[in-house]
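Biologist: I'd love to go through this one with you. Could you show me the model, and then I'll ask away?

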Amino acid sequence: MAGPSASGHASQADFDRVLVVDFGAQYAQLIARRVREARVFSEIVPRDITAQQIMERGPVGIILSGGPSSVYAEDAYGIDPKIFELGIPVLGICYGHQVMAQTLGGTVASTGTSEFGPANLAVLGDSQLFSDQPELLQVWMSHNDAVSDAPEGFTVTASTPDAPVAAMEDPARRFYGVQFHPEVKHTEHGQRVLERFLWIACGARPTWTHVGIIEQSVAAIRDAVGDGIAICGLSGGVDSSVAAALVHKAIGDRLVCVFVDHGLMRHGEGEQVEETFRNAFHMNLIHVKAEDRFLAALEGVADPEEKRKIIGEMFVRVFEEVASDIEGADHLVQGTLYPDVIESGTKDAAKIKSHHNVGGLPDDIGFELVEPLRDLFKDEVRAVGEELGLPEEIVWRQPFPGPGLGVRIIGDITKERLDILRAADVIVLDEIRKAGLYREIWQTFGVLPAIKSVGVQGDSRTYAYPLIVRAVTSDDAMTADWARLPYEVLAKISSRVINEVDGINRVAYDISSKPPATIEWE
């Protein structure tokens with residue numbers, strides 16, 4: 001690779017950092033988000049991180065997440081004990097609370113009683129974490145084992161009927177543990193508990209603001225690009241649009257936006273991109289019409305990972321061709337987000353699927369990457385976009401995958417199937433907007449499996465494709481729940497699609513959550 005895998009994003013060194021050690025908890029990403037809501041930068045790291053690796057990252061605090069196992073399990077996750085010798089404040093949550101207690105000489109026992117759901121927490125005496133809070137709080141518990149004896153130097157600061165050490169503190173060493181989950185909304189004053197740890201115990205500066213992110217990103221982009229020229233792969237979605245706006249703010253006309261129309265876009269998107277960025281924002285925009293090339297490369301390909309890699313490589317090759325005609329164009333801007341990095345598989349997380357702009361890039365890419373959003377969750381990207389003055393219809397556009405409709409056709413991609421799915425997708429989104437649900441739903445779309453089923457229209461037998469409608473609610477795409485769309489909305493979608501789209505005779509609704517499913521089908 002020509003340069004570093006990521007550059008031009010806000011320098012983490014300019015923000016106080018808190019590391020979230022992931023013990024496999026379903027809430028690890030939520031903890032990271034809550035830290036950021038307290039305006040402190042957070043980063044998720046693996047459970048096997050060493051004390052030396054932590055020192056190299058220079059955090060002001062460490063949070064040990066919950067986890068699904070017992071500290072007594074044969075394959076129980078542990079932690080490098082030297083982490084507790086670094087002089088860095090540590091907060092253990094649930095399993096992390098138990099790991100801390102056990103590592104430092106306390107006792108974790110199986111009480112014979114589990115706590116799952118709401119519990120009444122009694123605050124005991126003075127406490128840094130519970131200062132200025134009620135003496136009785138409702139918290140969210142999810143555990144079997146419990147700390148029965150706190151380590152030497154700790155004071156028990158809260159308990160529940162089934163967790164005698166529901167919270168403990170050692171202010172001298174700045175170690176804290178809570179058995180409950182302060183990051184979930186079901187815990188009263190949970191965010192306040194986290195803020196006390198971050199602001200008081202860690203002394204973290206609340207500088208992770210949208211204005212701060214923009215300022216640091218602009219400075220980092222200028223440093224990364226220098227006097228060169230950057231090319232931005234612009235799709236018109238919120239991620240690439242915000243990335244383009246940030247880079248344009250940093251280097252002005254030395255940004256060249258390239259819109260690759262790969263034939264996998266939704267209806268009318270090419271025209272919308274042209275109008276918005278060339279005419280409204282006066283950016284340098286090159287429109288490359290490459291549908292034939294992409295479809296030829298994808299012909300006969302059904303495997304989703306192979307699709308993503310082909311599309312990712314084709315994108316880069318098109319960029320390289322464009323760049324060959326632009327002197328000094330040696331940087332490629334991408335709208336990579338933090339969830340993309342996690343899902344594509346890093347040393348911090350198992351690979352779920354390759355994102356075309358992370359795991360799908362070829363090894364011999366001829367650009368240095370500029371990824372100004374790489375450290376951000378989607379809600380942070382939207383807030384930055386609003387701060388930059390992007391219009392609402394772009395900032396609040398529902399996510400659309402880089403590979404486009406190519407990963408919403410299950411099986412071989414053909415021009416016929418693309419046209420059918422495009423026509424159906426227009427109807428799905430139209431009815432969602434008419435129902436006033438567009439902003440409430442994270443993502444709404446249709447999926448076209450390459451299978452056919454028998455149907456009846458009029459007096460004739462049909463043999464056509466089914467359309468699967470997918471709608472989910474989410475905060476950051478790390479987890480998602482299927483949207484409970486009103487029956488009348490589903491009925492209108494089904495009726496219109498079957499009657500208006502030639503080639504579809506059946507509509508189904510996907511009621512799977514993430515996990516275990518993913519949002520996209522491929």
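Biologist: Which residue just after H1 takes a positive phi?

Modeller: Happy to start there, with the reminder that this is a predicted model. H1 covers residues 28–37, and the positive phi comes just after that helix, at about 65 degrees. The residue that takes it is Arg39.

Biologist: And H1 itself, how many of its residues are buried?

Modeller: The helix is mostly covered. Its buried residues include Leu30, Ile31 and Val35, and also Gln29, Arg33, Arg34 and Arg36. Out of 10 residues in H1, the number buried is 9.

Biologist: Is Ser42 buried or exposed?

Modeller: Ser42 sits in strand E2, which spans residues 41–46. Buried means under 20% relative accessible area. Ser42 has a relative accessibility of 0%, so it counts as buried.

Biologist: Which residues is Ser42 in contact with, leaving aside its neighbours within four places in sequence?

Modeller: Part of the answer lies in H1, residues 28–37. Ala32, Val35 and Arg36 are buried residues of that helix, and Ser42 is in contact with each of these three. Together with one further residue, the contacts are Ala32, Val35, Arg36 and Val18.

Biologist: Let's move to the sheet. Which are the edge strands of the open sheet?

Modeller: The sheet has 5 strands with parallel pairing, in the order E12-E11-E10-E13-E14. Neighbouring strands are turned by 30 degrees against each other on average, direction ignored. An edge strand here pairs on one side only, and that applies to E12 (284–289) and E14 (368–370).

Biologist: Which residue in E14 stands opposite Leu332?

Modeller: E13, residues 329–333, pairs with E14 in the parallel sense over 3 bridges. Across from Leu332, the residue in E14 is Leu369.

Biologist: At what angle does H9 run to E11?

Modeller: H9 takes in residues 304–323 and lies across E10, E11, E12 and E13. Relative to E11 (255–261), H9 runs at about 135 degrees.

Biologist: One last pair: why is H5 roughly perpendicular to H11?

Modeller: The axes of H5 (residues 210–225) and H11 (residues 378–387) come within 9 Å and cross at roughly 80 degrees. Angles of 65 to 115 degrees count as roughly perpendicular. That crossing therefore makes H5, relative to H11, roughly perpendicular.

Biologist: How do the residues of the contact of H5 with H11 divide?

Modeller: On H5 the contact is made by His210, Val211, Ile213 and Ile214, and on H11 by Ala383, Val384 and Glu387. By class, the residues of this contact divide into 1 charged, 1 polar and 5 nonpolar.

How values were computed: Residues are numbered from 1 along each chain as its sequence is written. This is a predicted model: local features need pLDDT of at least 70, side-chain atom pairs count only at pLDDT 80 or more; totals for chains, interfaces and linings use all residues. Side-chain values use heavy atoms; hydrogens and water are left out. Axes are lines fitted to C-alpha atoms, for helices over the stretch in contact, and angles run from 0 to 180 degrees between N-to-C directions. Helices (H or I, at least four residues) and strands (E, at least two) are DSSP runs, numbered from the N terminus. Angles under 35 degrees count as roughly parallel, over 145 as roughly antiparallel, 65 to 115 as roughly perpendicular and the rest as oblique. Contact means heavy atoms within 4.5 Å. Ala, Val, Leu, Ile, Met, Phe, Trp, Tyr, Cys and Pro count as nonpolar, Asp, Glu, Lys and Arg as charged, and the others, Gly among them, as polar. Buried means under 20% relative accessible area, exposed over 50%, partly exposed in between (1.4 Å probe, protein chains only). Two strands pair if DSSP finds at least two bridges between them.
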